Amino acid sequence: MKWLLRILLALAGIAMIGLGIWFVSHPLVSLLTFTISMGILLLCVGVFQIISFFTHRGSEKSSGWLLAEGILSTLLGILLLANQFQGTLTIVLVFGMWVLFSGIMRTVSSFAVKSAGEQHWGWMLALGILNIIIGFICIFNPIVSVFGIVFIMGTFFILQGINCIAGIFFVGKVRA
């Protein structure tokens, strides 16, 4: 089972590195594509959740929260598709929170790797701190980061890809 996890980590790492390079090399297209893709994705997921709510109405699978999430996702999808500039600002903030959270989790995980006796835990800590810095830049300076979001996202995906590939060496050694 460890070999399967290692293969999946390697594939995820390669895909993230490739995505990061594509983002950096096609900045305008990738920013617009990302905003439109998120709008379409949220719209589709929202409609599916609304349909799922009414299809399973009366069963344990159906909840008012599912309907609320479906409506919210649909509305967010429509907003992203209707106004790409405002949608891009929203994506920048959400992305910043994701990067910040990822950096915090990576930093905490690096100390677990250190306590497991691994020597190269410092790289994981450095990547976590870098993710935290990038997350703060996105959250607290969204106007400036709108212009740099593609490069920030590309760099983040490259770092996450490297981190996934580095994680291959820690599979089965750390309990978190």
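These notebook entries record what I looked up in the structure.

**Entry 1. Basis of the model**

I worked from a predicted model, in which local features need pLDDT of at least 70, side-chain atom pairs count only at pLDDT 80 or more, and totals for chains, interfaces and linings use all residues. Residues are numbered from 1 along each chain as its sequence is written, and side-chain values use heavy atoms, with hydrogens and water left out.

**Entry 2. Overall make-up**

I looked up the secondary structure and found 6 helices and 0 strands in the protein, in the order α-α-α-α-α-α from the N terminus. Helices here are DSSP runs of H or I with at least four residues, strands are runs of E with at least two, and both are numbered from the N terminus.

I then turned to burial, where buried means under 20% relative accessible area, exposed over 50%, and partly exposed in between (1.4 Å probe, protein chains only). Of the 176 residues in the protein, 35% are buried. The exposed surface comes to about 10700 Å², with 77% of it supplied by carbon and sulfur atoms. These areas come from the Shrake-Rupley method with a 1.4 Å probe, and for residues only the protein chains shown count as cover.

For contacts I used heavy atoms within 4.5 Å. Among contacts with a separation of 6 or more, 77% join residues 24 or more positions apart.

**Entry 3. Record and helices**

I consulted UniProt, whose unreviewed entry places the feature "transmembrane region" at residues 7-25, 31-51, 63-82, 88-109, 121-143 and 149-171. UniProt positions are given in the numbering used here, feature names are shortened, and annotations may be inferred rather than shown by experiment.

I checked two of these spans against the model. Residues 7-25 are 100% helix and 0% strand, with their end C-alpha atoms 27 Å apart. Residues 63-82 are 95% helix and 0% strand, and their end C-alpha atoms lie 29 Å apart.

I also looked at helix α2, which covers residues 27-55 and has 29 residues. From its first C-alpha to its last, α2 reaches 41 Å, close to the 42 Å expected at 1.5 Å a residue; the expected span is 1.5 Å times one less than the number of residues. The buried residues of α2 are Ser30, Leu31, Thr35, Gly39, Gly46, Gln49, Ser52 and Phe53.

**Entry 4. Nonpolar core**

I searched for nonpolar cores, defined as sets of buried Ala, Val, Leu, Ile, Met, Phe, Trp, Tyr and Cys residues joined through side-chain atoms within 4.5 Å. The largest has 13 residues, and those with the most contacts inside it are Phe95, Cys138, Ile149 and Met153. Helices α4 (84-115), α5 (121-140) and α6 (142-167) each give two or more residues to this core, with the largest share, 6 residues, coming from α6.

I followed Met153 further: leaving aside neighbours within four places in sequence, Met153 is in contact with Phe23, Phe34 and Phe95.

**Entry 5. Aromatic pairs**

I counted 6 aromatic pairs in the whole structure. Rings of Phe, Tyr and Trp (its six-membered ring) pair if their centres lie within 6.5 Å; planes under 30 degrees apart count as stacked, over 60 as edge-to-face and the rest as tilted.

Trp22 and Phe23 form an edge-to-face pair, at 5.9 Å centre to centre and 85 degrees between the planes. Trp22 is partly exposed at 35% relative accessible area, whereas Phe23 is buried at 4%. Phe53 and Phe54 are also edge-to-face, because their ring centres are 5.0 Å apart and their planes stand at 80 degrees. Phe53 is buried at 10%, while Phe54 is partly exposed at 46%. I noted one aromatic cluster formed by Trp22, Phe23, Phe156 and Phe157.

**Entry 6. Thr107 and Leu125**

I located Thr107 in helix α4 and Leu125 in helix α5. Thr107 counts as buried because its relative accessibility is 13%; Leu125, at 17%, is buried as well. The two residues are 18 apart in sequence, and their C-alpha atoms are 5.0 Å apart in space.

Beyond neighbours within four places in sequence, Thr107 is in contact with Leu125, Gly128, Ile129 and Ile132. On the same basis, Leu125 is in contact with Thr107, Ser110 and Phe111.

**Entry 7. Gln160**

I closed with Gln160, which lies in helix α6 and is buried at 9% relative accessible area. Gln160 and Gly13 are 147 residues apart in sequence but 6.9 Å apart in space, C-alpha to C-alpha. Leaving aside neighbours within four places in sequence, Gln160 is in contact with Met16, Ser102, Arg106 and Asn131.
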